[in-house]
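Here's a quick walk through one model, from its domains down to a few backbone oddities. Have the chain open as you read.

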Amino acid sequence: MQNIAIQVKDLQKSYKKLNVLKGVNFTVEQGSIFALLGSNGAGKTTLINILTTLLKQDSGTAIVNGFDVASKPDHVRQSLSLTGQSAAVDEILTGRENLIMIARLRHLNQPRQVADELLTRFGLTDAATRRVSTYSGGMRRRLDLAMSLVGTPPILFLDEPTTGLDPEGRIEVWKVMKELADGGRTVFLTTQYLDEAEQLADHIAILHEGRILASGTLTELKKLFPPAKTEYVEKQPTLEEIFLAIIGKKEVLQ
Ligand SMILES: Nc1ncnc2c1ncn2[C@@H]1O[C@H](COP(=O)(O)OP(=O)(O)OP(=O)(O)O)[C@@H](O)[C@H]1O
Ligand SMILES: [Mg+2]
């Protein structure tokens, strides 16, 4: 049996009269990519905030890396990194300085080297010494993601990590997430891009009206629908394929 990275049981949360989570249950296996889907306002960020100890639940339990979020918040925090829905980068510092700062906060031995490796990985080397206030939205997003990879927390929470990235950037982030999971880390992400969940996730859960309505692998979810009919359809390239071909990046995630 696989080890469990996250276990959520009957989690409930209301903001005054607004009942957002009405009894959420799921488990996430260690080393897997878990995608949480849900419409705007479904409660995805609320759930992430509870799992990362930024917010307290009203009732129910959540265990992250073996620690209860309510009784062992410090241990939980040491087990994870969080990339929130809006970028949490320091505008006044350069990209490189932001990364070095996090590496120092995480007590890493060679903060500069760690920063430079991540800058290369996320295509930010040319912009490394510029203040973040001069970055584009996508560059900020990349830097934010790079910052969450500093150190080796076993669990990564990514709230809509690819929102605002160009197709090339999205594919790069997908690759990074796959590498992380292959290396044994657990990735918990939310996304509005269903193709992203389809490409990446080992396990998909759909949050709707306060509960997990469906949960399983893509194959399991597909079984909820009648068997596919065979139809003749002319295969046209998608706009994304055309875009990537035009800018000379034909790479497609395996
Ligand atoms: N601090 C708060 N006080 C009151 N209501 C809140 C608070 N935070 C969130 N909400 C409400 O709770 C609901 C769930 O919000 P949440 O941000 O968790 O949704 P989400 O699934 O992350 O949505 P999105 O896809 O837009 O990011 C929304 O109706 C939101 O308005
Ligand atoms: Mg959200």
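The protein chain splits into domain 1 (1-79 + 155-162 + 183-254) and domain 2 (83-152), with bounds that come from an automatic or database domain assignment. This is a predicted model, so to speak of a local feature takes pLDDT of at least 70 and a side-chain atom pair counts only at pLDDT 80 or more, while totals for chains, interfaces and linings use all residues. Residues are numbered from 1 along each chain as its sequence is written, and chains are lettered from A and ligands numbered from 1 in the order in which they are written.

The C-alpha centres of domain 1 and domain 2 sit 25 Å apart. Where they touch, six residues of domain 1 are in contact with five residues of domain 2; contact here means C-beta atoms, placed from the backbone, within 7 Å. On the domain 1 side, strand 7 (residues 155-159) gives the most, with three residues. That side divides into three nonpolar, one polar and two charged residues. For those classes, Ala, Val, Leu, Ile, Met, Phe, Trp, Tyr, Cys and Pro are nonpolar, Asp, Glu, Lys and Arg are charged, and the others, Gly among them, are polar.

Zooming out, the protein chain has nine helices and 10 strands, taken as DSSP runs (H or I, at least four residues, for helices; E, at least two, for strands) and numbered from the N terminus. Its radius of gyration is 19 Å, close to the 18 Å from the globule rule for 254 residues, so the chain is as compact as a globular protein of that length. The radius is taken over C-alpha atoms, and the rule is 2.2 Å times the number of residues to the power 0.38. The C-alpha atoms fill a box of roughly 55 × 50 × 40 Å along the principal axes. Of contacts between residues at least 6 apart in sequence, 66% join residues at least 24 apart.

UniProt, in an unreviewed entry, lists residues 6-234 as "domain: ABC transporter". Positions follow the numbering used here, the feature name is shortened, and such annotations may be inferred rather than shown by experiment. That stretch is 33% helix and 27% strand, with its end C-alpha atoms 43 Å apart.

What surrounds ligand 1? The shell is Tyr15, Leu18, Val20, Gly38, Asn40, Gly41, Ala42, Gly43, Lys44, Thr45, Thr46 and Gln85, each with its backbone-placed C-beta atom within 6 Å of the ligand. Strand 2 (18-29) and helix 1 (44-51) each supply at least two of these residues, and helix 1 has the largest share, three residues. By class, the shell holds four nonpolar, seven polar and one charged.

Now for burial. A residue is buried with 20 or more other C-beta atoms within 10 Å of its own, exposed with 12 or fewer, and partly exposed in between, all C-beta atoms being placed from the backbone. Buried residues make up 36% of the 254. Helix 9 (residues 239-246) is hardly covered, with zero buried residues among its eight. Just after helix 9, Gly248 takes a positive phi of about 80°.

Two residues other than glycine also have positive phi:

| Residue | Phi | Loop |
|---|---|---|
| Thr53 | about 70° | between helix 1 and strand 4 (59-64) |
| Asn65 | near 55° | between strand 4 and strand 5 (67-68) |

Thr53 counts as buried, with 20 C-beta neighbours inside 10 Å, while Asn65 is partly exposed with 19.

Note on methods. Two residues are in contact if their C-beta atoms, placed from the backbone, lie within 7 Å.
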